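Reader: I'm new to reading protein models. Could you walk me through how labels get attached to residues and helices?

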Amino acid sequence: MNEHDSRDGAATGVDPGRLDDQQLMKELETIHRTRHDTLLYGSNDALRAHNDRMARLEGEWLRRNPRRPVAAGRTREGARERGCAG
């Protein structure tokens, strides 16, 4: 198969497992940047493809970074504390 996988004839991009760390981060930045427009203006097929690609890229990033730092404010407990502070 070439560098782009395909499902039902539609290109799905390079397998995230084949990207180096820098390429993976660039792909993640791009897909997050285009998310809003795809949600608002993309066809159902485009949104489905975007969801699939984003899940695959994020899953690969999480697989490579299982011990990523988690900010206290991004947890449920941290959100509850923010809600009480106002």
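Reader: Why does His50 count as buried?

Author: Happy to help, and keep in mind that this is a predicted model. The relative accessibility of His50 is 10%. Buried means under 20%, so His50 counts as buried.

Reader: Where does His50 lie, and what does His50 touch?

Author: His50 sits in helix α2, which covers residues 44–64. Leaving aside residues up to four places away in sequence, His50 touches Ile31, Thr34, Arg35 and Thr38.

Reader: Which residues of α1 are buried, and what covers them?

Author: The buried residues of α1 are Leu24, Leu28, Ile31 and Thr38. Their cover includes α2.

Reader: Why is Tyr41 called exposed?

Author: Let's use the same kind of reasoning. Tyr41 has a relative accessibility of 67%. Exposed means over 50%, so Tyr41 counts as exposed. Tyr41 belongs to helix α1, residues 21–41. Together with Leu39 and Leu40, Tyr41 makes a nonpolar surface patch of about 370 Å².

Reader: How do you know that the end C-alpha atoms of α1 are as far apart as they should be?

Author: We set the expected span against the model. The rule takes 1.5 Å times one less than the number of residues. For the 21 residues of α1 this gives 30 Å, and the end C-alpha atoms are 30 Å apart, so the two agree.

Reader: Where does α1 bend?

Author: At Arg35, where the bend is about 40 degrees. Arg35 is also one of the residues that His50 touches.

How values were computed:
Residues are numbered from 1 along each chain as its sequence is written. This is a predicted model: local features need pLDDT of at least 70, side-chain atom pairs count only at pLDDT 80 or more; totals for chains, interfaces and linings use all residues. Side-chain values use heavy atoms; hydrogens and water are left out. Patches are made of residues with over 30% relative accessible area and no salt bridge: like charges are joined within 9 Å, nonpolar side chains (Val, Leu, Ile, Met, Phe, Trp, Tyr) within 5 Å. Accessible areas come from the Shrake-Rupley method with a 1.4 Å probe; for residues, only the protein chains shown count as cover. A salt bridge is a side-chain nitrogen of Lys or Arg within 4 Å of a carboxyl oxygen of Asp or Glu. Helices (H or I, at least four residues) and strands (E, at least two) are DSSP runs, numbered from the N terminus. Buried means under 20% relative accessible area, exposed over 50%, partly exposed in between (1.4 Å probe, protein chains only). Contact means heavy atoms within 4.5 Å. The bend at a residue is the angle between axes fitted to the seven residues ending there and the seven starting there.
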